[in-house]
Amino acid sequence: MNVSNVTGSNVIGVDIGGSGIKGAPVDLTGGGLAQERFKVLTPQPSSPDAVADRVRQVVDHFGWSDAPVGATFPGVVVGGTARTAANVDKAWIGVDAAALLGERLGRPVTVLNDADAAGMAEMTFGAGRGRTGTVIVLTFGTGIGSALFSGGRLVPNTELGHLELKGHDAEKRASSRAKEDEGLSWERWARRVQKYLAHVEALFSPELFVIGGGVSRKADKFLPLIRGISAEIVPAALQNDAGIVGAGMAAAAAAGGAPVRAAADAL
Ligand code: BGC
């Protein structure tokens, strides 16, 4: 997939999460938001129909009726179809999300995994820019999302948040939701994140971990507490906007044209 027409802010990115749905026109030249983002709550239950309505609300807010839209989804997405739904309604499994959203918005919509989108944005505009070795972008939020890159190319849908840690699904212990739900101090949570990173490092030996998700804004509170990891660990540069930017990149890619970076080719 090639990223196209990346000279202006002519695409809209939407990030669908377990608690919020946020979007904005994306500046594909500078790699940021072209306008302030607009956010609505994720409906509960987060059924496909209800979420599609809220995505429409977000996109309509900007009034660009023909701008291509890219949307992230917090689960495995293959060819636009959701294959898993760990933190949204299970009714999504097997749904052609690209077709559903495309029909609701009356225009082409490209759908990809949320962490893959964030990873593409970080590799192109952010903390992973110019890095050609193995890079793993991890997003800590309701779950843990992962994006794996080698030579700047994405291996989509890696789902490293579901590795087993102490007999548990890793994201149940080390996501930022786990920190909140269990009232963990930064120190205790950082210890869990450290064990998780050590496990991922043992499997993939990346040169760089990029730590994203909402919690990346507070990287100074926990990254200095993490020890014993050989890989470099840096906070995401685009922080919580990376998903929106990556979604916009995917929309531009689907529209065809010159590549921004090979990272998007894997989608
Ligand atoms: C999902 C991933 C997603 C991550 C972050 C996990 O539970 O399985 O697909 O990227 O949460 O939202």
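1. Strands β9 and β10 form a hairpin, with three residues between them. The model is a predicted one, and the points below should be read with that in mind. The two strands of the hairpin run antiparallel and are joined by six bridges, with β10 covering residues 144-150. Within this pairing, Leu-138 stands opposite Ser-146 in β10.

2. Strand β9 also pairs with β14 (residues 208-212), here in the parallel sense and over five bridges. Thr-139 is the residue of β9 that stands opposite Gly-212 in β14. Thus β9 has an antiparallel pairing with β10 and a parallel pairing with β14.

3. How many residues of β9 are buried? Six of the six are, so the strand is largely enclosed by the rest of the structure. The side chains divide by direction: Val-135, Val-137 and Thr-139 point one way, while Ile-136, Leu-138 and Phe-140 point the other way. Burial holds for all of these residues, whichever way they point.

4. Six aromatic pairs are counted in the model. One of them is formed by Phe-73 and Trp-92, whose ring centres are 5.0 Å apart; the planes stand at 50 degrees, so the pair is classed as tilted. An angle over 60 degrees would have counted as edge-to-face, and one under 30 degrees as stacked. This pair links distant parts of the chain: Phe-73 belongs to strand β5 (residues 69-73), whereas Trp-92 is in the loop between β7 (81-82) and α2 (97-105), and the two are 19 residues apart. Phe-73 and Trp-92 are both buried.

5. A second pair consists of Phe-140 and Trp-189, with ring centres 5.9 Å apart and planes at 85 degrees, so the geometry is edge-to-face. Phe-140 is in strand β9 (residues 135-140) and Trp-189 in helix α6 (residues 186-204), so the contact ties together parts 49 residues apart in sequence. Both Phe-140 and Trp-189 are buried.

6. Which residues do ring pairs link into a cluster with Phe-140 and Trp-189? They are Trp-186, Tyr-196 and Phe-222. Trp-186 has a further contact, with a charged group: the charged end of Lys-179 sits over the Trp-186 ring, 4.2 Å from its centre.

7. The ligand is surrounded by residues from several parts of the sequence, among them Pro-74, Gly-75, Val-76, Ala-86, Asp-114, Ile-144, Gly-145, Glu-159 and Glu-171. Asn-87, Asn-113 and His-162 also belong to this surrounding set, and each is taken up below for its polar side-chain contact.

8. Where do polar side-chain atoms meet oxygen atoms of the ligand? For His-162 the distance to a ligand oxygen is 2.7 Å. A polar side-chain atom of Asn-113 lies 3.0 Å from an oxygen atom of the ligand. For Asn-87, an N or O atom of the side chain is 3.1 Å from a ligand oxygen. Taken alone, the ligand exposes 310 Å², and the protein buries 94% of that area.

9. Ser-175 is placed in the loop between α4 (170-174) and α5 (176-181). Is Ser-175 buried or exposed? Its relative accessible area is 1%, so Ser-175 is buried. The side chain of Ser-175 reaches the backbone oxygen of Glu-171 at 2.7 Å. Glu-171 is also one of the residues that surround the ligand.

Key
Residues numbered from 1 in each chain as written. Predicted model: local features only at pLDDT ≥ 70, side-chain atom pairs only at ≥ 80, totals over all residues. Heavy atoms only, no water. Phe/Tyr/Trp six-rings, centres within 6.5 Å; stacked < 30°, edge-to-face > 60°. Helix = DSSP H or I, 4+ residues; strand = E, 2+ residues; numbered from the N terminus. Buried < 20%, exposed > 50% of the residue type's maximum accessible area, 1.4 Å probe, protein only. Lys NZ or Arg CZ within 6 Å of the ring centre and 35° of its normal. Near = heavy atom within 4 Å. Polar contact = N/O pair within 3.5 Å; in protein donor to acceptor, adjacent residues only side chain to side chain. Areas by Shrake-Rupley, 256 points an atom, 1.4 Å probe, with all protein chains shown as cover. Pairing = 2+ DSSP bridges.
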